[in-house]
Amino acid sequence: MKVLLAGDQFVTEEVLRKALFAELPDVEVAAISSTWPVPPFKDIAEVKEALGDEDELIDALKGCDVAFSHTFPFTEKVIASSPDLKMITICRGGPVNVNLDAATKHGVKVSFTPGRNAIATSEHSVGMIYAALRQIPQRHQEVVGGDWRSDYYIFDNVGPELAAATVGLIGYGAVGKLVAKTLLATGAEIVVFDPWADQSAAPKEITFVDSLEDLFKRSNIVSVHARATADNEHMINAEMISLMPEGGVIVNCARGSLVDYDAVCDAIDSGHLYAAAFDALPEEPLPSGHRLLSTPRITLTPHLGGASKDSARLAARIGAADIARFVEGEDIEHLANPKVLEDNN
């Protein structure tokens, strides 16, 4: 059994190697690496959010049974050209850089690492809520620029407290649950919209609502923790924002397609929204001159909510455990293409 460690500058070859050898100390390995996150992701052939050369990957996969990667592009071309390949493990919450249909067709199992960056993303989300409420990045820039604005202590200029707010969470998965747990400790009231959540396992202090409209009507702050689908594009839009109490805050550390950013800018300009904070953007990177860059009281970060040393290590450990299960003939816990089991029986 031979495993290709296809790392990058975040989930590095060394991180992959350490996790794999903790599970399979005698396994044979080969290694390649990309420069991701510099430059950032792009679509390669038919797969999304990838970086790396297809031909280099094909060459590296010769004689390898398993590919252990984060961002390399496992396209139809790569999979079809790698007859030794039996399993691909991707250190991400979803294997978007793998052509699952091609993998299934060629009998290749694909696993992934759900929840790998839930803690990092939840911490970033809570940090962005505080940054938006207290305008921390904006005040920092003013102070280091020599502008000491004592007028921000005037009653009409100060912002609200989190402890006095109702926070609406869209999505109660791995990230949403951790955000809720943290926010409950602040004294904030928590309202959740997630039709698929197991409400019986949630703390009694959390209120679940049956509609997105109800969540927006109740919430001073809305934080998004949903997966992007074809059905929920711009789920946060002008109509939803108009339902919020005046002076509200929108935070999105999930996916850019979930928010109508022009509607947010309009609401801030009109005074209906107080502020917003976004780690997920409509274009990444944002082009110069984009409206988000000039609208006041918006805090932006470059889609790094899930970036922590611990999340990289956890992703590698989850992936390595599934590789060990595969090597030992056990069921893969996080199998992305279960149809491969039917097609190859």
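In what order do the strands of the five-stranded open sheet lie? In this predicted model, the order is β2-β1-β5-β6-β7, and the pairing is parallel. Strands β2 (28–33) and β7 (109–111) form the edges of this sheet, each pairing on one side only. From one strand to the next, the twist averages 15°. At one of these edges, β7 is joined in the parallel sense to strand β6 (residues 87–90) over three bridges. Within this pairing, I88 has V110 of β7 as its bridge partner.

Two helices lie across the five-stranded sheet. Helix α1 (residues 13–23) lies across β1 (2–7), β2 and β5 (66–69), and runs at about 145° to β1. Helix α11 (residues 309–327) lies across β1, β5, β6 and β7, with a direction at about 170° to β5.

A further open sheet contains seven strands in the order β10-β9-β8-β11-β12-β13-β14, again with parallel pairing. Its edges are β10 (206–208) and β14 (298–300); each has a single partner strand, so one side of each lacks a neighbour in the sheet. The twist in this sheet averages 15° from one strand to the next. Edge strand β10 pairs with strand β9 (residues 189–193) in the parallel sense over three bridges, and V191 stands opposite T207 in β10. Helix α7 (residues 174–184) lies across β8 (166–170), β9 and β10 and runs at about 170° to β8.

The domain assignment divides the chain into domain 1, given as 2–116 + 307–341, and domain 2, given as 136–296. The centres of domain 1 and domain 2, taken over C-alpha atoms, are separated by 34 Å. An unreviewed UniProt entry places the feature "domain: D-isomer specific 2-hydroxyacid dehydrogenase catalytic" at residues 41–336. Over residues 41–336, the chain is 32% helix and 17% strand, and the end C-alpha atoms lie 21 Å apart.

Helix packing was examined for α5 and α6. The axes of helix α5 (residues 118–134) and helix α6 (residues 136–144) come within 6 Å and cross at roughly 60°. Because of this crossing angle, α5 is oblique to α6. On the α5 side, the contact is made by Y130, A131 and R134; on the α6 side, it is made by I136, P137, Q138 and R139. By residue class, the contact of α5 with α6 comprises four nonpolar, one polar and two charged residues.

Terms used:
Residues numbered from 1 in each chain as written. Predicted model: local features only at pLDDT ≥ 70, side-chain atom pairs only at ≥ 80, totals over all residues. Heavy atoms only, no water. Axes fitted to C-alpha atoms, helices over the stretch in contact; angles between N-to-C directions. Helix = DSSP H or I, 4+ residues; strand = E, 2+ residues; numbered from the N terminus. Parallel < 35°, antiparallel > 145°, perpendicular 65-115°, else oblique. Contact = heavy atoms within 4.5 Å. Nonpolar A, V, L, I, M, F, W, Y, C, P; charged D, E, K, R; others polar. Domains from an automatic or database assignment. Pairing = 2+ DSSP bridges. UniProt positions renumbered as here; feature names shortened; annotations may be inferred.
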